[in-house]
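Biologist: I am new to this structure and should be grateful for a close look at a single part of it. Please set that part within the whole afterwards.

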Amino acid sequence: MSWSFRIARIAGIEVRIHFTFLLLLLWIAASHYSRGGPPEAIRGVVFVCLLFLCVLLHEFGHAIAAARYGIKTPDITLLPIGGVARLQRMPDKPWQEFIVAIAGPLVNVVIAAALMLGLGMAGRFDGNLQLDNPHVPMLLQLRNVNIMLVLFNLLPAFPMDGGRILRALLATRMPYGRATNIAASVGQFMAFLFGFWGLMVGNPLLIFIALFVYMGAGQEAAAAQMRDVARHAAVADAMIRDFRTLPATATLGEAADLLLATSQTEFPVTDPAGAVIGLLTRDDLIAGLKQFGVAAPISAAMRPGVPTVSLDASLEDAFTLMNEQQLPALMVVDNAARAVGMVTPENVGELMMIQTALDGRAKPPWFKTRDTLPPHQVKPATT
């Protein structure tokens, strides 16, 4: 995630902090300082750090559960609004998604229970977080917040864990795409309720949460629909056939001329035999021009050794590979490793729109789903 930096690496997972999180700490320190001076400012910052430690453990709960099913988590990023564990892919089965989704809230349940046992009867929860009361023990406030994290995350609305739990339960009885649409609709309805309530009571935080939930539900529905399309299509359906390549002997200046002359933003780099040896993106080109100048060879800025897929690979495998390695584009090659096509997320989205428009109608002659391909033509190949 951009605007974030790594602070640790635990069990192979990068722990990152978004720079806006530092702004949150500064705001907490300033607001508490105005109320009680340096001691209160330190107390406020320590509490926020402990709170986000609980959020980090919550995200590690998701990561550990996902690892049981062979799903890696490259990184976890802490934001002012919470944490994000970036899984390489979604679980294959509904019950697996259920386990991964509920693992996070269960971590907060364990934390809250441990604090409750440690605090004894004085730690009974009455629904009041008491975060603004400096006389309430910090551990009691932390226990209260963990209980609220559990309740909030279990709301059946994307992008909270409760939305994924609902989708997993629905997917045991209906197709994944339909289950996602229902769960997303429930989430957007709850977002409407949050927004209406926020307007009635004049609470801007509730309005912000409503917007966050509404957009998250829509994005999840779109992503699920895209995955569903990819699951039943071949790479040949979505790949760009008309594209330009750059020879390994080209300069960054020549690459810049090609960028301006076309609408293409990713360029495969080829050796004299035409085999793909790298990929040059627009961002890499701009960074290379700033650092090396127009006369520098293209190898100074390109990404070498990028993975490729064969022409007969499934679109689902290609899409998964792009997500796992965060590739802006994936090259499709023939048996001689020469570029014959290129797949981008935009292409998959366009295929999704075309497929939706042609739903129930005759497909164009170039459209071939995975079911029409011979069995040996649905496996990915990388170089």
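Modeller: In this predicted model, strands β3 and β4 form a hairpin, with two residues between them. Strand β3 covers residues 75-79 and strand β4 covers residues 82-86. The two run antiparallel and are joined by five bridges. Within this pairing, leucine 78 has glycine 83 of β4 standing opposite. In a regular strand, side chains alternate between the two faces of the sheet.

Another strand offers a view of a single residue in its surroundings. Strand β7 spans residues 276-281, and threonine 281 has its place there. With a relative accessible area of 5%, threonine 281 counts as buried, because that value is under 20%. The side chain of threonine 281 also makes a polar contact, at 2.9 Å, with the side chain of aspartate 284. When neighbours within four places in sequence are left aside, the residues in contact with threonine 281 are Thr265, Glu266, Arg303 and Pro328.

As for the whole, the protein has 383 residues, of which 44% count as buried. Its secondary structure comprises 11 helices and 11 strands. Of the contacts between residues at least 6 apart in sequence, 61% join residues at least 24 apart. The protein exposes about 20,100 Å², and carbon and sulfur atoms supply 64% of that area.

Technical notes. Residues numbered from 1 in each chain as written. Predicted model: local features only at pLDDT ≥ 70, side-chain atom pairs only at ≥ 80, totals over all residues. Heavy atoms only, no water. Pairing = 2+ DSSP bridges. Helix = DSSP H or I, 4+ residues; strand = E, 2+ residues; numbered from the N terminus. Buried < 20%, exposed > 50% of the residue type's maximum accessible area, 1.4 Å probe, protein only. Polar contact = N/O pair within 3.5 Å; in protein donor to acceptor, adjacent residues only side chain to side chain. Contact = heavy atoms within 4.5 Å. Areas by Shrake-Rupley, 256 points an atom, 1.4 Å probe, with all protein chains shown as cover.
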